[in-house]
Structure formats: C-alpha cells, structure tokens
Amino acid sequence: MKTKYKILLTIFTICLVVSTLLALTSTEQICGQEDNSCSVVQNSSYQKTLGISNSILGILTFTFLLFITASHTKHPKRQKKLFLFFTTTISAVGALYFIYIHAVILEAFCTYCMIIDIGSILALIILIVTRKQ
C-alpha cells in the first residue's frame, strides 16, 4: 500500500472518530461552559446543513472516504481514484466554508470541528501533491 493512502486512511479515521464524538456526546460534555467558543459553534444555526447535523454528515462522509480509499488500495482503478479526489475536494470546500463561518460570522472556533476541517483540507493537499503517483 502506498504511503499516501496510509496517510489518507489515518486522516479519515481521525475525522470519523471526531465526528462520531461530536454526534454522540452532548455539547455540555464536549465543550464545557455555554459561553466558550466550542459551545457557540455547536449551538449555532450553522450546526446543521439541509436539516442534517454536521456531525452526522461527517460520519457518513468519512465512512465513505475510508471505504473508497481502502477499496482503491486493494483493487486500484482509475474511477475510484477520481471519485476519491472528487469527494475529498467537496469535503475540503465544505471545510473552507465552515472555517469561514467560524472566523467571520461566528467569531468562534470549535477545536473538534477544526480537526475535521484541517483533516479534510490536508487530505486534498496530499491528493493534489501526489497526483502523479
């Protein structure tokens, strides 16, 4: 297995674990006080996308990315590689949007959310930098 796919599997696993933590743990338990940055983000109107919790979307997205990446490492195909790139690009664009919301609109940052966002962007950077491999 190529090193880049090991790194991607690690990133997607971390993002899946953090998404699951956010989905299954109450805001008070994970963020602490109501007035801190994490709580501001988790309790904002941006907590859901199209009526679905962002943490649930994260679980679905990263489970899918893990599946595609693992499948591609076992049975490489051009279509899987392109689909992995396309899906990771969508994830990274979403991450940039959420970082914008945190920084400009909410003026608050959730550490857990930032781990997921940075992981998504880092995965895309890895795919771009190593695209010829």
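Q: A crossing is left-handed if the near helix is turned anticlockwise from the far one by less than a right angle, and right-handed if clockwise. Which is the crossing of α1 and α6, left-handed or right-handed?
A: This is a predicted model, in which local features need pLDDT of at least 70, side-chain atom pairs count only at pLDDT 80 or more, and totals for chains, interfaces and linings use all residues. Residues are numbered from 1 along each chain as its sequence is written, and side-chain values use heavy atoms, with hydrogens and water left out. Helices (H or I, at least four residues) and strands (E, at least two) are DSSP runs, numbered from the N terminus. By the rule on handedness, α1 and α6 cross in a sense that is left-handed.

Q: What is the pattern of the protein when read along the sequence?
A: The protein contains six helices and two strands. Read from start to end, these elements follow the pattern α-α-α-β-β-α-α-α.

Q: Which does the crossing make α1 with respect to α6, roughly antiparallel or roughly parallel?
A: Axes are lines fitted to C-alpha atoms, for helices over the stretch in contact, and angles run from 0 to 180 degrees between N-to-C directions. Angles under 35 degrees count as roughly parallel, over 145 as roughly antiparallel, 65 to 115 as roughly perpendicular and the rest as oblique. The axes of α1 (residues 3–24) and α6 come within 9 Å and cross at roughly 160°. Relative to α6, α1 is therefore roughly antiparallel.

Q: How many residues of the contact of α1 with α6 are nonpolar, polar and charged?
A: Contact means heavy atoms within 4.5 Å, and the residues that make it include Ile7, Ile11 and Val18 of α1 and Ile115, Ile116 and Gly119 of α6. Ala, Val, Leu, Ile, Met, Phe, Trp, Tyr, Cys and Pro count as nonpolar, Asp, Glu, Lys and Arg as charged, and the others, Gly among them, as polar. On this scheme the contact of α1 with α6 divides into 17 nonpolar, three polar and one charged.

Q: Which residues of α5 make the contact with α1?
A: α1 and α5 pack with their axes 14 Å apart, at an angle of about 40°, which makes α1 oblique to α5. On the α1 side the contact is made by Lys4, Tyr5, Leu8 and Phe12, and on the α5 side by Lys81, Leu84 and Thr88.

Q: How many nonpolar, polar and charged residues does the contact of α5 with α6 have?
A: The axes of α5 and α6 lie 8 Å apart and make an angle of about 140°, so α5 is oblique to α6. Among the residues in this contact are Phe85, Ala95 and Phe98 of α5 and Met114, Ile121 and Leu124 of α6. By class, the contact of α5 with α6 comprises 14 nonpolar, five polar and one charged.

Q: Which residues does Met114 touch, not counting residues up to four places away in sequence?
A: Met114 belongs to helix α6 (residues 111–129). Buried means under 20% relative accessible area, exposed over 50%, partly exposed in between (1.4 Å probe, protein chains only), so Met114, at 17%, is buried. The C-alpha atoms of Met114 and Phe98 are separated by 8.8 Å, with their positions 16 residues apart along the chain. Leaving out residues up to four places away, Met114 touches Ile99, His102 and Phe109.

Q: What is the phi of Leu50?
A: Leu50 lies in the loop between β1 (48–49) and β2 (52–53), and its relative accessibility of 84% is why it counts as exposed. Most residues other than glycine have a negative phi. Leu50, a residue other than glycine, has a positive phi near 55°.

Q: What is the positive phi of Glu107?
A: Glu107 is found in the loop between α5 (78–106) and α6. Its relative accessible area is 64%, so Glu107 is exposed. Although Glu107 is not a glycine, its phi is positive, at about 50°.

Q: With which residues is Ile52 in contact, leaving aside its neighbours within four places in sequence?
A: Ile52 has its place in strand β2 and is partly exposed, with a relative accessible area of 37%. Ile52 and Ile121 are 69 residues apart in sequence and, C-alpha to C-alpha, 22 Å apart in space. Outside its neighbours within four places in sequence, Ile52 is in contact with Gln47 and Leu57.
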